[in-house]
Amino acid sequence: MANRLTAALFESDAPMPWRKVTMMVVAMVLPAVVAVYFLGRPGAVAFVAAMPACLASQDAGLKVGTLVTLVMGMAGLLSLGQPEMALLVAPWLGIMVGICGSFGMAKAAIRGLLTWPLFTSSILQGVDLPILFGVFILAMIWAQAVVWWFGEQCSTGTEDPESESYAMVFGVALAVGITLSVYVGNLFFGQHGFWFPLTFVILVLPPHGELFSRTIKRTVGTIIGTAIAVGVALLTGSTALLVTLGAACLILGFRMLPYSYTIFTTLLTVAVIEVLALVTEVNQLAYERIGTMAAAAAMTIALGLIGWTVLRLFAPGALEALQEAGIEEPSPQGQRDPNARASATRAG
């Protein structure tokens, strides 16, 4: 029983090396801190750019990382302050991810999509669009420069080939899910409605065979993290303590990311809620965080079951292949094998 619990909680043999944690913090957090210092809340656009640029570059290289980050950034500016445009843009982003997945780059494309939902909130409003886009570009370049300096481009290994064959099924599911989550999030969860599509996108990251298990782990981590964050926020209103706790949990979350998805989610939830508690009532944050997580989990499972049914009908055995497929190990130099099936140079 204990062995089964350990296997379910821990996905790898060791946590992320501190060197890589340092790289993630310098690439993603540092530009956000600087931008928020000068621009206030709209400076969060630096994190919106740096996070996908950093992660996508580790998945598929600097060129692909630049492409998906730019596309998602421009799609975000189209959606900023315009809910109708967000609903029109969302499904096409899902379809684009499906197309990228057929070339073995679904994960990199979804990495670019990770922070797009923030453009559907009011957080980034209040600054002229040219300035906002300029900060976005600078943060993207900074993040990629840090990834290059640390030699981490194409370092996460290639995607499992089985996911490529069925990428469009999940692309369509993603298109439907992200559109619904944007609509429902804005309708029922107020200024933090972006959490609904954001959570949904995180849940559908490849490998597709882990869709259901990842949903369960993230749900558990979110509930635990929310309880911890609310408890701390109710015990103290010290700004310095909340910021320090949020920063520490974010760094430790990066450390735990390959080691335990549940622990990573717990720490990330604490970090986000403690920072947002500085500007929003904590009980409201707890309700919205749990509510959006539950809604995203339910919708993810429903769409996953629809995808499972489609694969069962039109490609018998496909789901078993997806569940059994692993992730190829990166090369010793951290570079993608140009002959690998999921290489960006592979013909369609």
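1. In this predicted model, helix α2 and helix α7 meet through two sets of side chains: M23, V26, A27, L30, P31, A35 and L39 in α2 are in contact with V135, A139, W142, A143, V146 and V147 in α7. Sorted by class, the contact of α2 with α7 has 13 nonpolar residues, with no polar and no charged ones.

2. As for the geometry of this pair, α2 spans residues 18–39 and α7 spans residues 129–149, and the two pack at an angle of about 155° with their axes 8 Å apart. Because angles over 145 degrees count as roughly antiparallel, α2 is roughly antiparallel to α7. The crossing of α2 and α7 is right-handed.

3. A second helix pair is formed by α3 and helix α4 (residues 62–79), whose axes come within 7 Å and cross at roughly 145°; this crossing of α3 and α4 is likewise right-handed. On the α3 side the contact is made by A49, P52, A53, A56, S57 and A60, and on the α4 side by L62, V64, G65, V68 and T69. By class, the contact of α3 with α4 has eight nonpolar and three polar residues, and no charged ones.

4. Turning to the interior, the largest nonpolar core has 74 residues, and L113, W116 and F119 are those with the most contacts inside it. Helix α3, which covers residues 45–60, gives the most to this core, contributing ten residues.

5. Which residues does L113 touch, if those up to four places away in sequence are not counted? L113 is in contact with M72, L93, V97, L174, I178 and V201.

Notes: Residues are numbered from 1 along each chain as its sequence is written. This is a predicted model: local features need pLDDT of at least 70, side-chain atom pairs count only at pLDDT 80 or more; totals for chains, interfaces and linings use all residues. Side-chain values use heavy atoms; hydrogens and water are left out. Axes are lines fitted to C-alpha atoms, for helices over the stretch in contact, and angles run from 0 to 180 degrees between N-to-C directions. Helices (H or I, at least four residues) and strands (E, at least two) are DSSP runs, numbered from the N terminus. Angles under 35 degrees count as roughly parallel, over 145 as roughly antiparallel, 65 to 115 as roughly perpendicular and the rest as oblique. A crossing is left-handed if the near helix is turned anticlockwise from the far one by less than a right angle, and right-handed if clockwise. Contact means heavy atoms within 4.5 Å. Ala, Val, Leu, Ile, Met, Phe, Trp, Tyr, Cys and Pro count as nonpolar, Asp, Glu, Lys and Arg as charged, and the others, Gly among them, as polar. A nonpolar core is a set of buried Ala, Val, Leu, Ile, Met, Phe, Trp, Tyr and Cys residues joined through side-chain atoms within 4.5 Å. Buried means under 20% relative accessible area, exposed over 50%, partly exposed in between (1.4 Å probe, protein chains only).
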